[in-house]
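Reader: I should like to learn how to read the surroundings of a ligand and the contacts between aromatic rings. May we work through an example together?

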Amino acid sequence: MNIIVTGGAGFIGANFVYYELEKHPEDKIICIDKLTYAGNMATLDEAMKQESFSFHRVDIADRAAVYQVFEQEKPNIVVNFAAESHVDRSIEHPEIFLQTNVIGTSVLMDACRKYGIRRYHQVSTDEVYGDLPLDRPDLLFTEETPLHTSSPYSASKASADLLVMAYHRTYGLNTTISRCSNNYGPFHFPEKLIPLMILNALHDKKLPVYGDGKNVRDWLYVGDHAAAIDLIIRKGASGEVYNVGGHNERSNLTVVKSVLAALGKDESSIEYVTDRKGHDRRYAIDPTKIQRELGWNPTVKFEEGLEKTIKWYLSHQAWWAPILKGAYQNYYEKMYANR
Ligand code: NAD
Ligand code: TDX
């Protein structure tokens with residue numbers, strides 16, 4: 001099979017590329033990525049050495065360029081990871097989120113209609129469900145939870161989901177959607193909570209915790225997300241949505257303290273800073289459907305995954321050092337200097 005993976009030079013897309021190359025060596029993986037600030041060819045170094053992998057630097061919202069890749073590569077399956085993915089950036093500049101996350105999704109699906117595919121898979125997020133209260137641990141997001149977004153990022157992802165459902169119903173496009181909780185693991189861009197805290201702690205910098213640090217995220221090791229998507233594209237039913245998560249709820253403060261403990265650092269570097277605007281309080285996924293219908297189960301416990309992730313950052317300075325030296329410095333200054 002020929003599988004187009006968009007956003008494969010980013011965090012989760014790259015982990016999915018490596019998962020597929022190992023698990024299904026008979027398939028061809030075609031990566032489409034615009035290489036924004038979050039895309040990194042160094043992440044794909046090992047993939048580029050493989051015969052069954054190819055790369056196209058293309059914007060998913062560029063219709064002509066996308067059609068050309070479809071014409072050339074004749075994909076059977078398209079998995080769309082490409083997105084602007086950082087909530088804080090969406091609060092500063094919503095427009096690019098609409099362009100990539102909404103327009104880009106429609107262009108990809110138009111290409112699927114024009115050239116014919118077996119399956120279009122949309123990688124969505126638990127953020128489309130909004131948030132849950134901290135004092136109701138019994139409440140979890142199911143696939144039936146109404147969409148109720150908080151940030152321009154989550155609104156753009158929910159818009160894309162609605163378009164996917166519309167293309168399924170109106171044009172009969174064979175689609176699936178996965179809505180996963182927060183991922184962590186190798187190749188995670190340092191603007192996100194876990195890698196940011198690991199790298200700041202390593203450099204003895206302050207660890208900026210938004211608000212009271214009590215916001216809860218439901219963490220999943222990225223390899224388990226890749227395995228879920230692999231199952232959905234091969235065995236999932238067309239038109240369906242699958243929630244993905246491993247019941248690993250942690251407050252941000254707990255996560256930050258775990259990072260410090262793993263690195264043998266004390267907690268004096270924790271600094272409470274101004275809260276994120278519209279900050280979602282709690283996410284928690286009910287993964288019963290994918291467990292029951294597709295037999296998916298998470299394999300990595302949070303403590304084990306965090307240890308693996310920290311070890312990966314400690315041994316991959318060559319990956320993150322160039323990122324920290326570049327435009328990231330201006331980003332960090334702008335977002336955190338007067339926070
Ligand atoms: P990321 O920001 O690390 O990577 C995004 C990738 O998409 C980059 O390689 C970037 O260059 C590429 N890209 C951006 N705009 C593009 C465009 N217009 N055309 C082509 N490529 C473009 O993101 P991530 O954390 O790997 O997230 C991947 C997907 O998973 C996103 O759709 C995100 O919404 C979703 N998701 C992420 C998480 C998480 O915890 N990170 C959880 C659930 C769902
Ligand atoms: O410096 C920080 N300090 C802090 O307290 C950063 C970067 C984050 N936080 C908090 C905000 C959140 O409550 O940590 C939590 C996690 O923040 P992010 O890593 O930015 O992730 P989140 O906003 O939860 O969104 C992530 O999960 C869902 C991904 O970035 C999205 O792409 C995905 O859809």
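Author: Let us begin with ligand 2, bearing in mind that this is a predicted model. A shell of 22 residues surrounds ligand 2, and those that come nearest are T125, E127, Y153, R276 and H279.

Reader: Which polar atoms of the protein lie by the oxygen atoms of ligand 2?

Author: One looks for pairs of N or O atoms within 3.5 Å. Here, a side-chain N or O atom of R276 is 2.6 Å from an oxygen atom of ligand 2. A polar backbone atom of Y210 is 2.9 Å from an oxygen atom of the ligand, and for the side chain of K192 the distance to a ligand oxygen is 3.3 Å.

Reader: How much of ligand 2 does the protein bury?

Author: Ligand 2 taken alone exposes 650 Å², of which the protein buries 94%. Two elements, α7 (193–202) and β8 (207–210), give two or more residues to the shell. By class, the shell has ten nonpolar, seven polar and five charged residues.

Reader: How should I read the site of ligand 1, and which residues are closest there?

Author: The same steps apply. Around ligand 1 there are 29 residues, with I12, D33, S85, Y153 and K157 the closest. A nitrogen atom of ligand 1 lies 2.9 Å from a polar side-chain atom of D59, while a polar backbone atom of N183 is 2.9 Å from an oxygen atom of the ligand. On its own ligand 1 has 840 Å² of accessible area, and the protein covers 97% of it.

Reader: Which element gives the most to the shell around ligand 1?

Author: That is β5, with three residues. At least two residues each come from α1 (11–23), β5 (119–125) and α6 (152–171).

Reader: What can be said of the aromatic pair formed by Y184 and Y221?

Author: Two rings count as a pair if their centres lie within 6.5 Å. The whole structure holds 22 aromatic pairs. Y184 and Y221 form an edge-to-face pair, 5.5 Å centre to centre with 75° between the planes. Y184 belongs to strand β7 and Y221 to strand β10, so their pair ties together parts that are 37 residues apart in sequence.

Reader: Are Y184 and Y221 buried or exposed?

Author: Both are buried.

Reader: Where does Y210 stand among the aromatic residues?

Author: Y210 is in one aromatic cluster with Y37, F189, Y328, Y331, Y332 and Y336. In addition, R339 lies over the face of Y210, at 3.9 Å from the ring centre.

Conventions:
Residues numbered from 1 in each chain as written. Chains lettered and ligands numbered in written order. Predicted model: local features only at pLDDT ≥ 70, side-chain atom pairs only at ≥ 80, totals over all residues. Heavy atoms only, no water. Near = heavy atom within 4 Å. Polar contact = N/O pair within 3.5 Å; in protein donor to acceptor, adjacent residues only side chain to side chain. Areas by Shrake-Rupley, 256 points an atom, 1.4 Å probe, with all protein chains shown as cover. Helix = DSSP H or I, 4+ residues; strand = E, 2+ residues; numbered from the N terminus. Nonpolar A, V, L, I, M, F, W, Y, C, P; charged D, E, K, R; others polar. Phe/Tyr/Trp six-rings, centres within 6.5 Å; stacked < 30°, edge-to-face > 60°. Buried < 20%, exposed > 50% of the residue type's maximum accessible area, 1.4 Å probe, protein only. Lys NZ or Arg CZ within 6 Å of the ring centre and 35° of its normal.
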